[in-house]
Amino acid sequence: MEWQEIPGLADYAATLRAMEARVAAIAEGTAPEAIWLLEHPPLYTAGTSARAEDLTQPGRFPVHSVGRGGQYTYHGPGQRVIYVMLDLNRRGRDVRRFVCALEDWVIRTLGEFNIRGERRSGRVGVWVQRPEKPPLADGSPREDKIAAIGIKLRRWVSFHGISINVEPDLSHFDGIVPCGIRGHGVTSLVDLGLPVTMADLDLALRHQFEQVFGDGVSGHGLSAPDTLGSAPHDPLSAAAGS
């Protein structure tokens with residue numbers, strides 16, 4: 001397993017190409033699994049279920065149509081993007097279980113900062129309750145999304161992954177309906193009153209990864225990739241997320 005941190009703001013298209021190349025190498029057995037930690041410049045991505053009406057401010061930021069599961073999401077400075085390239089051929093060919101494991105990884109990581117992240121049926125990702133905010137019109141409590149998950153599988157190797165809001169400009173989410181979910185909002189670690197840094201989050205992610213996936217961390221620490229310039233019934237290409 002290799003952990004790599006990409007410095008600065010990583011170009012989205014170049015990163016996607018590098019990620020796809022790494023996935024192919026993992027599938028061929030010529031490269032180890034990898035976790036990449038990075039930030040992107042402001043942009044929106046449209047997953048396989050994205051609806052045109054959910055892009056509410058066309059032209060605000062670049063839009064990238066991608067093959068991951070889910071709908072529209074935002075990436076930008078202050079948000080930790082975690083690209084997860086794991087080989088499910090050896091970890092188990094169960095997409096639902098894998099997505100649940102990714103959610104569990106995020107929930108455990110947030111727990112290191114005393115944040116209670118929760119799953120919600122029908123809403124992939126991780127949510128936090130906001131009792132200090134007014135309830136929804138139907139009286140249900142307000143919840144905000146702090147982490148999004150969207151993956152794709154190619155030859156049972158995962159790519160794309162997770163985004164966790166550390167301190168992004170939350171107004172940048174106004175240009176989309178995040179993950180197609182209306183009524184609920186988005187939040188971040190800093191918005192919740194926690195002055196957490198990217199380095200703090202990265203340490204927690206590495207610690208909790210082993211708890212969820214059972215792998216030790218090997219390699220020579222965090223560094224940039226060499227090249228930047230990437231349904232359960234279908235083993236060649238499947239997508240899931242929100």
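Biologist: By class, what does the lining of the second largest cavity have?
Modeller: This is a predicted model. In it, the second largest cavity is lined by 14 residues. One charged residue is in that lining by class, with the rest split between two classes: 9 nonpolar and 4 polar.

Biologist: Which residues lie nearest the centre of the second largest cavity?
Modeller: The cavity has a volume of about 90 Å³. Its lining takes in 14 residues, and those nearest the centre are Lys145, Ala148, Asn165, Phe173 and Val186.

Biologist: Which element gives the largest share of the lining of the second largest cavity?
Modeller: Three elements each supply at least two residues: strand 5, strand 9 and strand 10. The largest share is 4 residues, and it comes from strand 9.

Biologist: How much space lies in the largest cavity?
Modeller: The lining of this cavity counts 14 residues. Nearest its centre lie Arg68, Thr73, His75, Gly150 and Gly161. The space inside is about 120 Å³.

Biologist: Which element gives the largest share of the lining of the largest cavity?
Modeller: Two or more lining residues come from each of strand 5 (72-75), strand 9 (143-154) and strand 10 (157-165). By class, the lining has 8 polar, 5 nonpolar and 1 charged residues. The largest share, 4 residues, belongs to strand 10.

Biologist: Arg68 lies among the residues nearest the centre of the largest cavity. Is Arg68 buried or exposed?
Modeller: Arg68 sits in the loop between strand 4 and strand 5. The cut-off for buried is under 20% relative accessible area. Arg68 has 6% relative accessibility, so it counts as buried.

Biologist: Which residue's side chain does a polar contact join to that of Arg68?
Modeller: Arg68 and His160 are 92 residues apart in sequence, with C-alpha atoms 6.7 Å apart in space. The polar contact from the Arg68 side chain is 3.1 Å, and the partner is Thr73.

Biologist: Why is the pair of Tyr44 and Phe61 edge-to-face?
Modeller: The model has 10 aromatic pairs. Ring centres of Tyr44 and Phe61 are 5.5 Å apart, with the planes at 65°. Planes over 60 degrees apart count as edge-to-face. At 65°, therefore, this pair is edge-to-face.

Biologist: How many residues apart are Tyr44 and Phe61?
Modeller: Tyr44 is in strand 3 (residues 43-46). Phe61 is in the loop between strand 3 and strand 4 (63-65). The pair links distant parts of the chain, and the separation is 17 residues.

Biologist: What is the relative accessibility of Phe61?
Modeller: Its ring partner Tyr44 is buried, with a relative accessible area of 0%. Phe61 also counts as buried, at 16%.

Biologist: Which residues of the aromatic cluster with Trp3 are also buried residues of helix 3?
Modeller: The cluster is formed by Trp3, Phe98, Trp105, Phe209 and Phe213. The buried residues of helix 3 include Val95, Val99, Leu102 and Ile107. Present in both lists are Phe98 and Trp105.

Biologist: How far does helix 3 reach from its first C-alpha to its last?
Modeller: Helix 3 covers residues 95-111, which is 17 residues. At 1.5 Å a residue, 24 Å is expected. The reach is close to that, at 24 Å.

Biologist: Which residue caps the N-terminal end of helix 3?
Modeller: The cap uses a side-chain oxygen. That oxygen lies 3.3 Å from the backbone nitrogen of Arg96. The capping residue is Asp94.

Biologist: Which residue's side chain does a polar contact join to that of Arg91?
Modeller: Arg91 is in helix 2 (residues 88-91). Arg91 is buried, with a relative accessible area of 17%. The contact is 2.8 Å, and the partner is Glu33.

Biologist: Is Asn114 buried or exposed?
Modeller: Asn114 is in the loop between helix 3 and strand 7 (118-120). Its phi is near 60°, positive in a residue other than glycine. Exposed means over 50% relative accessible area. Asn114 has 77%, so it is exposed.

Biologist: What is the phi of Arg155?
Modeller: Arg155 lies in the loop between strand 9 and strand 10. At 39% relative accessibility, Arg155 counts as partly exposed. It is not a glycine, yet its phi is positive, about 55°.

How values were computed. Residues are numbered from 1 along each chain as its sequence is written. This is a predicted model: local features need pLDDT of at least 70, side-chain atom pairs count only at pLDDT 80 or more; totals for chains, interfaces and linings use all residues. Side-chain values use heavy atoms; hydrogens and water are left out. On a 1 Å grid over the protein atoms alone, a cavity is a set of points where a 1.4 Å probe fits but cannot get out, and a pocket is an open set with protein on both sides within 12 Å along at least five of seven lines; lining residues have an atom within 4 Å of a point. Grid points are joined across faces, edges and corners, and a volume is the space filled by probe spheres set on the points. Ala, Val, Leu, Ile, Met, Phe, Trp, Tyr, Cys and Pro count as nonpolar, Asp, Glu, Lys and Arg as charged, and the others, Gly among them, as polar. Rings of Phe, Tyr and Trp (its six-membered ring) pair if their centres lie within 6.5 Å; planes under 30 degrees apart count as stacked, over 60 as edge-to-face and the rest as tilted. Buried means under 20% relative accessible area, exposed over 50%, partly exposed in between (1.4 Å probe, protein chains only). The expected span of a helix is 1.5 Å times one less than its number of residues. A polar contact is a pair of N or O atoms within 3.5 Å; within protein, one must be able to donate a hydrogen and the other to accept it, and residues adjacent in sequence count only if both atoms are side-chain atoms.
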